[in-house]
Amino acid sequence: MSTSSPSDLEGFFQDYQSELLARLKRIVGCADTAADLAQETYLRLMRTPHVRDIAHPRAYLHRIATNLALDHLRKEKLRLPLHATLEDASVVPSSAPAPLDEIYGKQRLAVFQDAFQSLEATTRNVLWLRRVQGCSHEVIADRLKLTKRQVENHLAKALYHCQKALDDEAGA
């Protein structure tokens with residue numbers, strides 16, 4: 001750069017403006033933002049004292065523009081959460097059930113527990129051994145001194161009783 005007068009700076013800037021705009025557009029991805037940043041680059045260049053003393057003015061111009069573009073990207077990154085909708089902001093990702101689902105689940109569990117406790121002892125034991133302990137019908141029959149057919153009948157009776165209690169609660 002030969003002089004530091006505003007008219008010479010303007011000419012210098014005009015010489016490199018197209019490559020500067022292309023560089024800025026590559027960095028920020030928006031032509032309008034690149035144009036704004038190019039104007040800001042020009043203003044910063046105008047405010048730079050001792051412009052004549054800069055050894056590599058083209059590199060200096062590109063450094064100003066790149067720094068402005070990076071600052072712009074940082075600001076945009078910080079601004080993104082502010083653009084979230086109120087609905088998005090109110091939702092906090094969680095694997096826990098929704099409060100209403102949890103209440104409903106607790107009510108159904110209480111109904112099931114009441115139904116389970118109201119079963120006759122042998123029927124309750126058959127259901128417990130099959131569904132909780134995972135025992136086969138043969139093992140249950142052997143433990144409770146029942147036939148395999150009796151185990152199946154007790155299990156069917158228990159399942160029907162508990163399901164009916166849950167259905168009645170849901171219909172109530």
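## The F112 and F116 pair

At 31% relative accessibility, F112 counts as partly exposed, since buried residues must fall under 20% and exposed ones over 50%. F116 is on the other side of the lower cut-off: with a relative accessible area of 13%, F116 is buried. Keep in mind as you look around that this is a predicted model.

F112 and F116 both belong to helix 5 (residues 99-117), where a spacing of 4 residues puts about one helical turn between them. An α-helix has 3.6 residues a turn, so residues three or four places apart point the same way. The ring centres of F112 and F116 lie 6.2 Å apart and their planes meet at 25 degrees, so this pair is stacked. W128 joins in too: F112, F116 and W128 make up one aromatic cluster.

## Another pair, in helix 1

How many aromatic pairs does the model hold? The count comes to 4 aromatic pairs. One of them is formed by F12 and Y16, whose ring centres are 5.1 Å apart with planes at 65 degrees, so the pair is edge-to-face.

F12 and Y16 also sit 4 residues apart, about one turn, this time within helix 1 (residues 6-28). As for accessibility, F12 is buried at a relative accessible area of 10%, while Y16 is partly exposed at 22%.

## Helix 7 and its buried face

Now on to helix 7, which runs over residues 137-144 and includes A141. Which residues of helix 7 are buried? They are H137, I140 and A141. Viewed down the helix axis, these buried residues fall within an arc of 100 degrees, so they line one face of helix 7. D142 and R143, on the other side of the helix, are exposed.

The cover over the buried residues of helix 7 includes helix 6 (121-132) and helix 8 (148-171). Just past the end of helix 7 comes K145, which has a positive phi, near 60 degrees.

## A closer look at A141

A141 has a relative accessible area of 9%, so it counts as buried. What does A141 touch, once its neighbours within four places in sequence are set aside? A141 is in contact with L146, T147, K148 and V151.

For a sense of spacing in this region, take A141 and E152, which are 11 residues apart along the chain: their C-alpha atoms are separated by 9.4 Å.

Terms used. Residues numbered from 1 in each chain as written. Predicted model: local features only at pLDDT ≥ 70, side-chain atom pairs only at ≥ 80, totals over all residues. Heavy atoms only, no water. Helix = DSSP H or I, 4+ residues; strand = E, 2+ residues; numbered from the N terminus. Buried < 20%, exposed > 50% of the residue type's maximum accessible area, 1.4 Å probe, protein only. Contact = heavy atoms within 4.5 Å. Arc of directions from axis to C-beta. Phe/Tyr/Trp six-rings, centres within 6.5 Å; stacked < 30°, edge-to-face > 60°.
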